[in-house]
2 protein chains.
Amino acid sequence: MTRVRLDLNISLDGYSPAPGDSADNPMGEDWGRVVEAYTATRTMQERVFGDTTGKGTTGVDDRYAARHFEGIGAEIMGAAMFGLHTYPDDPNWKGWWGETPPFGTPVYVLTHTAPRPSIPMNGGTTFHFREGSIRDVPAEATEAAAGQDVRVGGGIGTAREFLLAGLVDELHVAMAPIILGHGNRVWDDLRGLEDTHRVTSEVAESGVIHVTFAR
Amino acid sequence: MTRVRLDLNISLDGYSPAPGDSADNPMGEDWGRVVEAYTATRTMQERVFGDTTGKGTTGVDDRYAARHFEGIGAEIMGAAMFGLHTYPDDPNWKGWWGETPPFGTPVYVLTHTAPRPSIPMNGGTTFHFREGSIRDVPAEATEAAAGQDVRVGGGIGTAREFLLAGLVDELHVAMAPIILGHGNRVWDDLRGLEDTHRVTSEVAESGVIHVTFAR
């Protein structure tokens, strides 16, 4: 059965880093620190950075990184993650994921602006634009996933919308052992998540704490 | 060398439960859930509830519970934890820890009201009352501890005062795998604690995540 899955990288004090204001480092210094161990995995080195020389860690962090890509048949993301806000008035803008985005599946981009035609990309990715209730999109994505899982890709605002609506079957949180003190608060208004989801945790060699809430 | 140590029981979303408003359950329902696995340990059964029949869990949680009591030569606590606010005008009030408090060491009670004479109790506990800067008390407690460690007992307000002042050498946090959504925020203003303290974590059989920040 298709499950809606969500992976988050956060700090020990429950923050998803807010993007920085530096053009050199658009995701911000905190983001780099929170995802450091994840970025170092062999899976991420291969899948995101295209390094197929076998570099990268192969421990617990890598197991979760690999799981992130396994069995995904469709993706859902917010408009900002696609890059819709960068050139909102350019109908030919294809987002900032390049000609061959790393998804390889249908990707449903949530938008509050007028939907635009779908964009087929190389490598199996097709971007579809959907407005309206977030409750409708998982159903469509589930059908597109054809028995595989649906991933909510982000950003954190979209992720929290899905969590608060009770639409996430499996939440995996990689908590870096650092205290950020500010950013986007991940856990607000999620009291009792452990009542609907079973919680398991393990600590990676890197010190990252992996917590999974699974329905 | 004497170390100032602090143990906290918190939720995964970083809250120390606020006391409830029910007379039947003065610490509140959330408190019971956060400390549930800790209370179930053999050490806590023996040390706090006086059950010496060997009941209680003996896994990872119990190891941390035992560590809580090991090598402590003096204790520091807030006025509320002693019970000073219950009968503030009664000079004969000896706090709510009974005739034989579980500390067995000098206990320094921080107070903003006029200090009162020290109170010797059974079992090696003597309550001392100190006002003024929290920076002075660890020095006095360290001397009293005679080479053993000093424990900051609580409550959470006192604990955070010591953390924010950089006076804690070893912080152990037992994070229950539950989302409370409200209570006393533990991590605020502690950004960068990992720069001065080395972080290690492990997951107990109960699901509690034990995180230690050690200078």
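A residue counts as exposed when its relative accessible area is over 50%. With a relative accessible area of 63%, A:Asp189 is therefore exposed. This and the other values below come from a predicted model. A:Asp189 belongs to the loop between strand E9 (184–185) and helix H8 (193–196) of chain A. Its backbone deserves a second look: phi of A:Asp189 is near 65°, a positive value in a residue other than glycine. In chain B, the residue B:Asp189 likewise has a positive phi of about 65°, although it is not a glycine. B:Asp189 sits in the loop between E9 and H8 of chain B, and with a relative accessible area of 64% it is exposed.

How, then, are the two chains related? Chain A is superposed on chain B by a rotation of 180° with 0.0 Å of shift along the axis, and the RMSD is 0.0 Å. The two copies are thus related as by a two-fold rotation axis. The interface fits into this picture: 97% of the interface residues of chain A are also interface residues in chain B, so the copies meet through the same surface. A:Ser201 offers a view of contacts across the chains. This serine lies in strand E10 (residues 198–203) of chain A and is buried, with a relative accessible area of 17%. Leaving aside neighbours within four places in sequence, A:Ser201 is in contact with A:His210 and A:Val211 of chain A, and with B:Val203, B:Gly207 and B:Ile209 of chain B.

The interior comes next. In soluble globular proteins, nonpolar side chains tend to be buried together. Here, the largest nonpolar core has 65 residues, and those with the most contacts inside it are A:Leu171, A:Trp187, B:Leu8, B:Leu171 and B:Trp187. From chain B, this core draws at least three residues from each of domain 1 (1–70 + 163–215) and domain 2 (72–147). Which residues does B:Leu171 touch, not counting those up to four places away in sequence? Its partners are B:Leu6, B:Leu8, B:Leu163, B:Trp187, B:Leu193, B:Val211, B:Thr212 and B:Phe213.

Aromatic rings also meet one another, and the structure holds 12 aromatic pairs over all chains. One of them joins A:Trp97 and A:Phe103 edge-to-face, at 4.9 Å centre to centre and with 70° between the planes. A:Trp97 is partly exposed, with a relative accessible area of 27%, whereas A:Phe103 is buried at 11%. A second pair, B:Trp187 with B:Phe213, is tilted, with 5.8 Å centre to centre and 55° between the planes. B:Trp187 lies in the loop between strand E9 (184–185) and helix H8 (193–196) of chain B, while B:Phe213 is in strand E11 (residues 209–214), so the pair ties together parts that are 26 residues apart in sequence. Both partners are hidden from the surface: B:Trp187 is buried at 4%, and B:Phe213 is buried at 0% relative accessibility.

In chain A, one aromatic cluster is formed by A:Phe82, A:Trp97, A:Phe103, A:Phe127 and A:Phe129. A:Arg116 lies over the face of A:Phe129, at 5.9 Å from the ring centre. In chain B, B:Arg116 lies over the face of B:Phe129, also at 5.9 Å from the ring centre.

Two helices show how buried residues are placed along the chain. In helix H4 (residues 60–69) of chain A, 7 of the 10 residues are buried, so this helix is largely enclosed by the rest of the structure. The buried residues of H4(A) are A:Val60, A:Asp61, A:Asp62, A:Tyr64, A:Ala65, A:His68 and A:Phe69. A:Gly71, whose phi is positive, near 65°, follows H4(A). A:Gly59 lies in the loop between helix H3 (42–47) and H4 of chain A, and at 25% relative accessibility it is partly exposed. A:Gly59 and A:Glu205 are 146 residues apart in sequence, but 6.9 Å apart in space, C-alpha to C-alpha.

In helix H7 (residues 156–164) of chain B, the buried residues include B:Ile156, B:Ala159, B:Phe162 and B:Leu163. B:Gly166 follows H7(B), with a positive phi near 70°. B:Gly155 lies in the loop between strand E7 (149–154) and H7 of chain B. The peptide bond from B:Gly154 to B:Gly155 is cis, with omega near -5°. In chain A, the bond from A:Gly154 to A:Gly155 is cis too, with omega near -5°.

Terms used
Residues are numbered from 1 along each chain as its sequence is written. Chains are lettered from A and ligands numbered from 1 in the order in which they are written. This is a predicted model: local features need pLDDT of at least 70, side-chain atom pairs count only at pLDDT 80 or more; totals for chains, interfaces and linings use all residues. Side-chain values use heavy atoms; hydrogens and water are left out. Rings of Phe, Tyr and Trp (its six-membered ring) pair if their centres lie within 6.5 Å; planes under 30 degrees apart count as stacked, over 60 as edge-to-face and the rest as tilted. Buried means under 20% relative accessible area, exposed over 50%, partly exposed in between (1.4 Å probe, protein chains only). Helices (H or I, at least four residues) and strands (E, at least two) are DSSP runs, numbered from the N terminus. A charge sits over a ring if NZ of Lys or CZ of Arg is within 6 Å of the ring centre and within 35 degrees of the ring normal. A nonpolar core is a set of buried Ala, Val, Leu, Ile, Met, Phe, Trp, Tyr and Cys residues joined through side-chain atoms within 4.5 Å. Domain bounds come from an automatic or database domain assignment. Contact means heavy atoms within 4.5 Å. Copies are superposed by least squares on the C-alpha atoms of residues with pLDDT of at least 70 in both.
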